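Please open the model in your viewer and keep the selection box at hand. We will go from stop to stop, and at each one there is something to select and something to look at.

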Amino acid sequence: MLALPDTNLVFSFQPLQRSSPDPRKTSRKEDYECTSNKVVYLPFRGHGREVLDFPRGDATVVALGRTHQAFPIWAFFVESVHPNCTYILLPMIETSPAASVPSAETAVENVRWWKLLNRYHWFVFSMASLAWLFDCLDQQLFIIARNPAIGSLLEKGAGSDVIKQWGGLSTAIFVAGWATGGLFFGAIGDRIGRAKTLTLTVLLYSVCTGLSALSTSVVDFSLYRFLTGLGVGGVFGLSVALIADALPDRARPHALGTLQALSAVGNVTAGLIAVFVGYLETTSIKPGSAWRYMFLIGALPAFLCVFIQMRLKEPEKWTKAREAGRLTGVRFGSYPSLLGEARWRRPALLGMLLCIAGVIGLWGVGFFSPELVNDVTGKILKAQNVPAEQLPGKRLMWTGINMIIQNLGAFFGMITFTKLAHAYGRKPIFAIAFVCAFLSTITVFKFLSQPWHIFVLVPIMGFCQLALFAGFAIYLPELFPTRLRSTGTSFCYNVGRFIAASGPFTLGVLQFHLAQGATTPEAKLVAFRNACCWVSLVYLFGLLALPFLPETRGRPMPEDQ
């Protein structure tokens, strides 16, 4: 018998057989095994990498790393027995004072989150992260190529204000498709499975991004953007729910924050593609055609579907809940169930308000920084007497550099939010992030006027704006039960997008009206700056929802019972 200090748990042990006895350790006592809830404790003597066999199966146990300075405590996983359990290796003792052995909770807390993942956990995390990474790459390709594409598809001689208005409209159409796809595929993911639905969404957004390269008018271009949005919208909720259900609880918030941070890698890659294609436009490809090459590159993620379909299984947590739901008649992926039950309706509506502020702020203002940079650098390049045929390519290169810098800041912002939310709670860090996003956005759109400002002001704005989205990835799945996790997350993140779709459209209309009477490019740029500053006030509305939402730090995932 062994009593763990600081707990009320007492365990009895059964002897285990060692697979390959070490003759140098013949004097060691037997190893023992015990199970309590979802934590398995194996006491042992000595240090080093231990490989043991379970008597009831052929799974092996491999220690991954020491987690306590004073005692040989190790964390490890079993490949085929209890794959969703957390395993802690404790020192072998028969009697010991209470202070001799750290508690199981302390041992788990001391383990780095990535050491809690086994091989299949890493595969799930990789596939979900890649799906979202390429999703964000396709989004950024659209943001960067949006105005060059529209300028190419409109009649020659269209003014910059008309192009920006069409840019706002096409973005609103894209975001509306995003919202529709998020709602539809989120519910489907809860009903038929996250992995199957994720395959469909990745295929949809990658193929339609490629088709955008074949556009002949702004009408079919906008249609392709709507269809791309359908796929893009489904990926976030599905990826988040997949990781939340498949990974250990201790690793979940860190993994979700990292998933969102890795989206910045996709964004930066889009910027690098823009710089490369922009350079080609100044040397070898037809001026004005770079946007078509960028959208063709966006079709490549379709190959990811093969790997998702071949190996990705539905999470055991979802599978068991789905079987139980069939017996009890509980509805999965049901919006009437989500909004009809008061327990889930409140977080759904308040979570939606939280997302509206972040999404409008980013898509209604933050992702229009390429237009600002395009105007500022275009004016400087003309003053430097750059040949007219090289202007489109060089401006595209600067736009790509801007997106790289903005998303490098975003990466560190999302990592920082994840760490702070784990340490201090979700709600206070959300409050700080909303205020910082507002202030940094005003600063960029009011004062950016030189190329060096891109390297100083823009990364701070990216840090603050995108940090919020790490919070959405961590916080939203913690508000809903397994049967509604994808549905609820998608509802919050995507219903708000129907309202958020008004952000880019409102910005375009506001800028158009503020530019009435403006006859010079400088005056039109001032109108654009003022419109962006007014729309950025939306970040402060996010503060209104926070007092009424629960703090989820340190709490188990909610379930119906």
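Helices here are DSSP runs of H or I with at least four residues, strands are runs of E with at least two, and both are numbered from the N terminus. With that in place, select helix H4, residues 194-212, and pick out Ser206 within helix H4. Ser206 counts as buried, at 0% relative accessibility (buried means under 20% relative accessible area, exposed over 50%, partly exposed in between, with a 1.4 Å probe and protein chains only). Now add Phe134: Ser206 and Phe134 are 72 residues apart in sequence, yet their C-alpha atoms are 8.5 Å apart in space.

A word on the ground rules before moving on. This is a predicted model, in which local features need pLDDT of at least 70 and side-chain atom pairs count only at pLDDT 80 or more, while totals for chains, interfaces and linings use all residues. Residues are numbered from 1 along each chain as its sequence is written, and side-chain values use heavy atoms, with hydrogens and water left out.

**A helix pair**

Next, select helix H6 (residues 252-283) together with helix H13 (residues 391-424). They pack at an angle of about 170°, with their axes 7 Å apart. Axes are lines fitted to C-alpha atoms, for helices over the stretch in contact, and angles run from 0 to 180 degrees between N-to-C directions. H6 and H13 are therefore roughly antiparallel to each other (angles over 145 degrees count as roughly antiparallel, under 35 as roughly parallel, 65 to 115 as roughly perpendicular and the rest as oblique). Colour their contact by class and you get 17 nonpolar, 14 polar and two charged residues. In this scheme Ala, Val, Leu, Ile, Met, Phe, Trp, Tyr, Cys and Pro count as nonpolar, Asp, Glu, Lys and Arg as charged, and the others, Gly among them, as polar.

Stay on helix H13 and select Asn402. Asn402 counts as buried, at 0% relative accessibility. Its C-alpha is 7.3 Å from that of Val373, and the two residues are 29 apart in sequence.

Then step into the loop between helix H12 (369-383) and H13, where you will find Asn385. Asn385 has a positive phi of about 60° although it is not a glycine. Is Asn385 buried or exposed? At 65% relative accessibility, Asn385 counts as exposed.

**The cavities**

How many cavities of 30 Å³ or more does the structure hold? There are three. A cavity is a set of points, on a 1 Å grid over the protein atoms alone, where a 1.4 Å probe fits but cannot get out; lining residues have an atom within 4 Å of a point. The largest cavity has a volume of about 100 Å³, where volume is the space filled by probe spheres set on the points, and grid points are joined across faces, edges and corners. To centre your view on the largest cavity, select Trp132, Cys136, Gln139, Leu362 and Leu466, the closest to its centre of the 14 lining residues. Two or more lining residues come from each of helix H2 (119-153), H6, helix H11 (342-364) and helix H15 (451-475). H2 gives the largest share, four residues. By class, this lining has nine nonpolar, five polar and no charged residues.

**Cysteines**

The structure holds zero disulfides, a disulfide being a pair of cysteine sulfur atoms within 2.5 Å. Select Cys436 and Cys464: the sulfur of Cys436 is 4.8 Å from that of Cys464, its closest cysteine sulfur, which is too far for a bond. Cys436 is partly exposed, with a relative accessible area of 31%. Cys532 is buried, with a relative accessible area of 0%. The closest cysteine sulfur to that of Cys532 is in Cys533, 6.9 Å away and too far for a bond.

**Two last stops**

Select Val175 in helix H3 (residues 160-192). Val175 is buried, with a relative accessible area of 0%. Add Ser502, which is 327 residues from Val175 in sequence but 9.0 Å from Val175 in space, C-alpha to C-alpha.

Finish with Leu484, in the loop between H15 and helix H16 (485-500). Leu484 is buried, with a relative accessible area of 0%. Arg331 is 153 residues from Leu484 in sequence, and their C-alpha atoms are 8.7 Å apart.

Note on methods:
1 Å grid on protein atoms, 1.4 Å probe; cavity = no way out; pocket = protein on both sides within 12 Å on 5 of 7 lines; lining within 4 Å.
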